[in-house]
Amino acid sequence: MENLDSLVPIVGIMVPIVAIISTFTMIVFLRKYDNDEKMAMIAKGIAPPEKSTKNYNVNPSHSLRWGFVLIGFGIGLLMGSLLESVLNVDDDVAHFSMIFIFGGLGLLVSYFYQMKLNQKNLPENKE
């Protein structure tokens with residue numbers, strides 16, 4: 001048992017070092033094999049595929065939804081603090097209940113607002 005106690009600090013230091021070295025080695029080999037594959041394609045006369053630069057379009061409805069949810073969480077935290085201080089409700093119950101209630105209200109508000117925007121933009125798309 002005494003031998004195992006002296007190994008704990010050594011293992012604690014070695015695990016992150018080995019993890020970093022392993023990750024670096026894996027990345028190097030993945031790039032090497034990708035390069036070898038492309039070179040073999042060129043040798044056979046096949047054009048390797050170009051690197052795809054994905055066009056990441058931001059969906060405004062997701063941002064809107066998360067904005068309303070986070071606003072709801074903030075209002076829920078505020079209302080939970082008010083419930084705790086004014087009505088002497090247990091702090092865990094007050095905070096969690098208000099966060100879920102106002103977070104859900106934020107989702108509902110974002111849903112109805114998005115439906116309103118979709119109906120507003122619908123006639124423009126038909127013309």
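**Exercise 1. The annotated spans**

Task: For residues 6-30 of this predicted model, state what share of the chain is helix and what share is strand, and how far apart the end C-alpha atoms are. Then treat residues 64-83 in the same way.

Solution.
Step 1. Residues 6-30 are 100% helix and 0% strand, and 37 Å separates their end C-alpha atoms.
Step 2. Residues 64-83 are likewise 100% helix and 0% strand. The end C-alpha atoms of this span lie 28 Å apart.
Step 3. Both spans come from the UniProt record, an unreviewed entry, where the annotation "transmembrane region" covers residues 6-30, 64-83 and 95-113.
Step 4. For the chain as a whole, the secondary structure is three helices and zero strands. The order from the N terminus is α-α-α.

**Exercise 2. The span of H2**

Task: Compare the expected span of H2 with the distance between its end C-alpha atoms, and list the buried residues of H2.

Solution.
Step 1. The expected span is 1.5 Å times one less than the number of residues.
Step 2. H2 has 27 residues, so it should span 39 Å.
Step 3. The end C-alpha atoms of H2 are 38 Å apart, which agrees with the expected value.
Step 4. Buried means under 20% relative accessible area. In H2 the buried residues are Ser-61, Val-69, Gly-72, Gly-76 and Gly-80.
Step 5. Over the chain of 127 residues, buried residues make up 11%.

**Exercise 3. The residue after H2**

Task: What is the sign of phi at Asn-88, and what is its approximate value? Is Asn-88 buried or exposed?

Solution.
Step 1. Asn-88 follows H2 and lies in the loop between H2 and H3.
Step 2. The phi of Asn-88 is positive, about 55 degrees, although the residue is not a glycine.
Step 3. The relative accessible area of Asn-88 is 66%, so the residue is exposed.

**Exercise 4. Contacts between H2 and H3**

Task: Count the aromatic pairs, then describe the geometry of the pair formed by Phe-68 and Tyr-113 and place its two members in the chain.

Solution.
Step 1. The count is three aromatic pairs.
Step 2. In the pair of Phe-68 and Tyr-113, the ring centres are 6.1 Å apart and the planes are at 65 degrees. Planes over 60 degrees apart count as edge-to-face, and this pair is edge-to-face.
Step 3. Phe-68 belongs to helix H2 (residues 60-86) and Tyr-113 to helix H3 (residues 91-126). With these positions 45 residues apart, the pair links distant parts of the chain.
Step 4. Phe-68 has 23% relative accessibility and therefore counts as partly exposed. Tyr-113, at 38%, is partly exposed.
Step 5. A glycine of H3 can be added to the description: Gly-103 lies in helix H3. Its relative accessibility is 4%, so Gly-103 counts as buried. The C-alpha atoms of Gly-103 and Gly-74 are separated by 8.5 Å, with the two residues 29 apart along the chain.

**Exercise 5. Salt bridges**

Task: How many salt bridges does a search of the whole structure find? For the bridge between Lys-32 and Asp-36, give the N to O distance; do the same for Lys-38 and Asp-34.

Solution.
Step 1. The search finds two salt bridges.
Step 2. The side chains of Lys-32 and Asp-36 meet at 3.0 Å, N to O. Both residues lie in helix H1, four residues apart, which is about one turn of the helix.
Step 3. The side chains of Lys-38 and Asp-34 meet at 3.8 Å, N to O. This pair too lies in helix H1 with a spacing of four residues, about one turn.
Step 4. An α-helix has 3.6 residues a turn, so residues three or four places apart point the same way.
Step 5. Lys-32 is partly exposed at 41% relative accessibility, and Asp-36 is partly exposed at 35%. Lys-38 is partly exposed at 25%, and Asp-34 is partly exposed at 37%.

**Exercise 6. A nonpolar patch**

Task: Which residues make the nonpolar surface patch of about 910 Å²? Is Ile-13 buried or exposed?

Solution.
Step 1. The patch is made by Leu-4, Leu-7, Ile-10, Val-11, Ile-13, Met-14, Val-15, Ile-17, Val-18 and Ile-21.
Step 2. Ile-13, one of these residues, is in helix H1 (residues 2-43).
Step 3. The relative accessibility of Ile-13 is 54%, so it counts as exposed.

Terms used
Residues are numbered from 1 along each chain as its sequence is written. This is a predicted model: local features need pLDDT of at least 70, side-chain atom pairs count only at pLDDT 80 or more; totals for chains, interfaces and linings use all residues. Side-chain values use heavy atoms; hydrogens and water are left out. Patches are made of residues with over 30% relative accessible area and no salt bridge: like charges are joined within 9 Å, nonpolar side chains (Val, Leu, Ile, Met, Phe, Trp, Tyr) within 5 Å. Accessible areas come from the Shrake-Rupley method with a 1.4 Å probe; for residues, only the protein chains shown count as cover. A salt bridge is a side-chain nitrogen of Lys or Arg within 4 Å of a carboxyl oxygen of Asp or Glu. Buried means under 20% relative accessible area, exposed over 50%, partly exposed in between (1.4 Å probe, protein chains only). Rings of Phe, Tyr and Trp (its six-membered ring) pair if their centres lie within 6.5 Å; planes under 30 degrees apart count as stacked, over 60 as edge-to-face and the rest as tilted. UniProt positions are given in the numbering used here, feature names are shortened, and annotations may be inferred rather than shown by experiment.
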